[in-house]
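Here is a short report on one protein chain. Start with the sequence and the 3D view, then read on.

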Amino acid sequence: TVLGLSLFFVACSEKKDQPATDTTTTAPAEDTPPVAEPSAAVSNAISLTGDDKMKYSQTEFTVKSGEPVELTMKNIGTLPAASMSHDVVVLKPGSDVTAFGQEVSKIQGDIEKLPENLKSQIVAKTKVLGPGEEDKISFTLPSPGEYPFLCSFPGHFGAMNGKITAQ
């Protein structure tokens, strides 16, 4: 508003026989209101890594529902597979990640031994990957919603989890 009023007064006080002067100024960056970050880009190609610090490279993705999703997971760690393997298990919307992770930890990450009520929550999963290993899977999220994902290696789910938003 100060800039606008300044331009108004300058424009109104100019004499007709004098050339107009450029009064354009740029507001300092600190006076500019913050611009909201754009929402996550929609892409059905997901590339994810896991490391020795029990962290995924990214924890939120947005995809189109009803279309195939290609997920590539790579363990970029160097610790032995027996202590630091990773995977990605995508669950149905509304699944309790903590309860699922606790049950998987009890059976040492062997998803095949899960009770059927928990197995039925799984939408897709990669192989359990040791250092330097990679797996690529394809799956479809049938309807819009938030699909949680986690690492099922014992004890990792608390730090290694995220969500895929299907639009």
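## Overall make-up

The chain holds 4 helices and 8 strands. Helices (H or I, at least four residues) and strands (E, at least two) are DSSP runs, numbered from the N terminus. Along the sequence, the elements follow the pattern α-β-β-β-α-β-α-α-β-β-β-β.

This is a predicted model, in which local features need pLDDT of at least 70 and side-chain atom pairs count only at pLDDT 80 or more, while totals for chains, interfaces and linings use all residues. Residues are numbered from 1 along each chain as its sequence is written, and side-chain values use heavy atoms, with hydrogens and water left out.

## Burial, surface and contacts

The chain has 167 residues, and 34% of them count as buried. Buried means under 20% relative accessible area, exposed over 50%, and partly exposed in between (1.4 Å probe, protein chains only). The accessible surface of the chain is about 10200 Å². Carbon and sulfur atoms account for 55% of that surface. These areas come from the Shrake-Rupley method with a 1.4 Å probe; for residues, only the protein chains shown count as cover.

How do the contacts spread along the sequence? Take those between residues at least 6 apart in sequence: 69% join residues at least 24 apart. A contact means heavy atoms within 4.5 Å.

## The sheet of 5 strands

One open sheet has 5 strands, in the order β2-β8-β7-β4-β5, with mixed pairing. Two strands pair if DSSP finds at least two bridges between them. β2 (60-63) and β5 (122-125) stand at the edges. Each has a single partner strand, so one side of each is left without a neighbour in the sheet. Neighbouring strands here are turned by 25° against each other on average, direction ignored. Axes are lines fitted to C-alpha atoms, for helices over the stretch in contact, and angles run from 0 to 180 degrees between N-to-C directions.

β2 and β8 (residues 161-166) run parallel and are joined by 4 bridges. Thr62 stands opposite Thr165 in β8. β7 and β8 run antiparallel, with 6 bridges between them. There, Gly145 stands opposite Ala166 in β8.

## A helix across the sheet

Helix α3 (residues 97-106) lies across β4 (89-91), β5, β7 (145-150) and β8. The helix runs at about 25° to β7.

What are the two faces of β8? Gly162, Ile164 and Ala166 form the covered face. Asn161, Lys163 and Thr165 form the uncovered one.

## The sheet of 3 strands

Another open sheet has 3 strands in the order β1-β3-β6, again with mixed pairing. Its edge strands are β1 (45-50) and β6 (134-140), and each pairs on one side only. The twist averages 20° from one strand to the next.

β1 and β3 (residues 68-75) run parallel, joined by 6 bridges. Leu48 has Met73 in β3 as its bridge partner.

## A closer look at Gly50

Gly50 is found in strand β1. Is Gly50 buried or exposed? Gly50 counts as buried because its relative accessibility is 0%.

Leaving out residues up to four places away in sequence, Gly50 touches Lys55, Met73, Lys74, Asn75, Ile76, Gly77, His86 and Met160. Val88 is 38 residues from Gly50 along the chain, yet their C-alpha atoms are separated by 9.4 Å.
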